[in-house]
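Biologist: I'm new to reading structures and would like a close look at one part of this one. Could you walk me through the sheet, and through whatever packs or loops around it?

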Amino acid sequence: MKNFLVYTHPDCSYSEALKEELQSEGTEYDEIDLSIHPEAWSKLEALTDGDRITPVTVEGETVTIGFHGIG
């Protein structure tokens with residue numbers, strides 16, 4: 001696994017903003033696009049207390065819900 005695991009959805013502009021920022025920083029990440037992998041919604045909901053919101057970033061034990069900028 002790379003530095004980050006990012007749950008995204010193509011209809012979410014915040015998902016795109018997060019991916020652009022990670023790429024511009026040179027940060028490697030694994031992406032789970034929920035439109036391609038709908039079975040992963042249950043994993044995302046477990047991380048967000050049942051909310052269907054993207055993006056969700058997992059770095060080790062740290063879970064960040066939404067896009068707040070990197071650094």
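Modeller: Here is a walk through the sheet, strand by strand, and then out to the parts around it. Keep in mind that this is a predicted model.

Let's start with the overall layout. Four strands form an open sheet in the order 2-1-3-4, and the pairing is mixed. Strand 2 (29–33) and strand 4 are the edge strands, each with a single partner, so one side of each has no neighbour in the sheet. On average, neighbouring strands are turned by 15 degrees against each other, if you ignore direction. As general background, strands of a sheet pair through backbone hydrogen bonds, either parallel or antiparallel.

Now go across the sheet pair by pair. Strand 1 and strand 2 run parallel and are joined by five bridges. One place to find this pairing is F4, whose bridge partner in strand 2 is Y29. On to the next pair: strand 1 and strand 3 run antiparallel, with three bridges between them. Here Y7 has V56 as its bridge partner in strand 3. Then come strand 3 (residues 56–59) and strand 4 (residues 62–65), antiparallel and joined by four bridges. V56 turns up again, since it stands opposite I65 in strand 4. Next along, T57 has T64 as its bridge partner in strand 4. Strand 3 and strand 4 make a hairpin with two residues between the strands, and in this hairpin G60 takes a positive phi near 65 degrees.

Just before that turn, look at E59, which is in strand 3. E59 counts as partly exposed, at 42% relative accessibility. Leaving out residues up to four places away in sequence, E59 touches N3 and F4. W41 is 18 residues from E59 along the chain, and their C-alpha atoms are separated by 18 Å. Past the hairpin, H68 lies in the segment after strand 4. H68 is exposed, with a relative accessible area of 61%. Between H68 and V56 there are 11 Å in space, C-alpha to C-alpha, and the two are 12 residues apart in sequence.

So what packs around the strands? Helix 1 (residues 13–24) lies across strand 1, strand 2 and strand 3, running at about 155 degrees to strand 1. A general point helps here: in a regular strand, side chains alternate between the two faces of the sheet. Now for the nonpolar cores. The largest one has nine residues, namely L5, Y7, I32, L34, A40, W41, L44, V56 and V58. Strand 1 (4–8), helix 2 (41–47) and strand 3 are the elements that give two or more residues to this core. There is also a second, separate core of five residues, and among them are F4, V6, L18 and Y29. You've met F4 and Y29 already, as bridge partners.

Within the largest core, L34 is worth a stop. Not counting neighbours within four places in sequence, L34 is in contact with Y7, T8, H9, A40, W41, L44 and T54. W41 has another visitor too: R52 lies over the face of W41, at 4.4 Å from the ring centre. If you're hunting for aromatic ring pairs, though, the count comes to zero when ring centres have to lie within 6.5 Å.

R52 also leads us to helix 2, where E45 lies. E45 is partly exposed, at 24% relative accessibility. Leaving aside residues up to four places away in sequence, E45 touches G50, D51 and R52. S35 is 10 residues from E45 in sequence, and the two are 15 Å apart in space, C-alpha to C-alpha.

Last stop is the loop between helix 2 and strand 3, where D49 is found. Most residues other than glycine have a negative phi, and most peptide bonds are trans. D49 has a positive phi of about 55 degrees although it is not a glycine. D49 is also exposed, at 76% relative accessibility. P55 has its place in this loop between helix 2 and strand 3 as well. The peptide bond that joins T54 and P55 is cis, with omega about -5 degrees.

Technical notes: Residues are numbered from 1 along each chain as its sequence is written. This is a predicted model: local features need pLDDT of at least 70, side-chain atom pairs count only at pLDDT 80 or more; totals for chains, interfaces and linings use all residues. Side-chain values use heavy atoms; hydrogens and water are left out. Two strands pair if DSSP finds at least two bridges between them. Rings of Phe, Tyr and Trp (its six-membered ring) pair if their centres lie within 6.5 Å; planes under 30 degrees apart count as stacked, over 60 as edge-to-face and the rest as tilted. A charge sits over a ring if NZ of Lys or CZ of Arg is within 6 Å of the ring centre and within 35 degrees of the ring normal. A nonpolar core is a set of buried Ala, Val, Leu, Ile, Met, Phe, Trp, Tyr and Cys residues joined through side-chain atoms within 4.5 Å. Buried means under 20% relative accessible area, exposed over 50%, partly exposed in between (1.4 Å probe, protein chains only). Contact means heavy atoms within 4.5 Å. Axes are lines fitted to C-alpha atoms, for helices over the stretch in contact, and angles run from 0 to 180 degrees between N-to-C directions.
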